[in-house]
Amino acid sequence: MNTALTGVPTRSGYAASKHAMRGFFDSLRIELMGSGVDVTMIYPGFIDTGIRENSAGPDGKPIGHVPVRLDMMSVEECARITLAAIAERRREVVMTARGRLAMFLKVIAPGLVDDIARRAIEKGR
């Protein structure tokens, strides 16, 4: 699940910041329409940066572990996709199949996406 596209248990603060960025850049895109400036939103999924081990849990203390099994993209692959999207002046890029599926399901069955996110954290997947 991408924290900018849906809520993710144990990542509430992080998800809130990503949701705020999405709203800010959507607004900025509209304000700059016709000016020659484009805004590309990138939704990468999980990138192998080590941030998860240092992120805070609901109690504000470091989690210290990754609560789910993750297929992580390399930083280099993320950068390659991002640069290509910017060059193509794309509006947004959801880099993972899981993220694209979550976006689709959130429109037609938002409760299901919530349940999937909750169960993934509970089961460690």
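**Helix α3 and its surroundings**

The buried residues of α3 are C78, I81, T82 and A85. This is a predicted model, so let's talk it through with that in mind.

Student: Are the buried residues of α3 on the same side or on opposite sides?
Tutor: Take the four buried ones, C78, I81, T82 and A85. Around the axis they cover an arc of only 100°. That arc is why they end up on the same side.

Student: Okay, and which residues are exposed on the other side of α3?
Tutor: Exposed here means over 50% relative accessible area. On that other side of α3, the residues that count as exposed are E76, L83 and A87.

Student: Which strands do the buried residues of α3 pack against?
Tutor: We already have the buried set, C78, I81, T82 and A85. Their packing partners are two strands, β1 (41-43) and β2 (92-94).

Student: What is the reach of α3 from its first C-alpha to its last?
Tutor: Start from its 13 residues, at 1.5 Å a residue. The expected value is 18 Å, and the model comes close to that, with a reach of 18 Å.

Student: Which helix gives the most to the largest nonpolar core?
Tutor: That core has seven residues: I47, M73, C78, I81, A85, V93 and M95. The top contributor gives three residues, and it is helix α3.

Student: M73 is in that core too. Which residues does M73 touch, not counting residues up to four places away in sequence?
Tutor: Some of its partners belong to the core as well, including I47 and M95. With the sequence neighbours left out, M73 touches P44, F46, I47, D48, C78, I81 and M95.

Student: What about M72: buried or partly exposed?
Tutor: M72 lies in the loop between α2 and α3. Buried would need under 20% relative accessible area. M72 has 37% relative accessibility, so it counts as partly exposed.

Student: And R29, buried or exposed?
Tutor: R29 belongs to helix α1 (residues 12-31). Beyond its neighbours within four places in sequence, it contacts V39, M41 and R91. Its relative accessibility is 11%, so R29 counts as buried.

Student: Last one: where is confidence lowest in the protein chain, and where is it highest?
Tutor: The chain as a whole has a mean pLDDT of 84, and 88% of its residues reach 70 or more. Where pLDDT is low, the predicted coordinates should not be read in detail. The lowest confidence is in helix α2 (residues 51-54), at a mean of 70, and the highest, at 96, is in α3.

Note on methods. Residues numbered from 1 in each chain as written. Predicted model: local features only at pLDDT ≥ 70, side-chain atom pairs only at ≥ 80, totals over all residues. Heavy atoms only, no water. Buried < 20%, exposed > 50% of the residue type's maximum accessible area, 1.4 Å probe, protein only. Contact = heavy atoms within 4.5 Å. Core = buried A, V, L, I, M, F, W, Y, C linked by side-chain atoms within 4.5 Å. pLDDT = per-residue confidence, 0-100. Expected span 1.5 Å × (residues − 1). Arc of directions from axis to C-beta.
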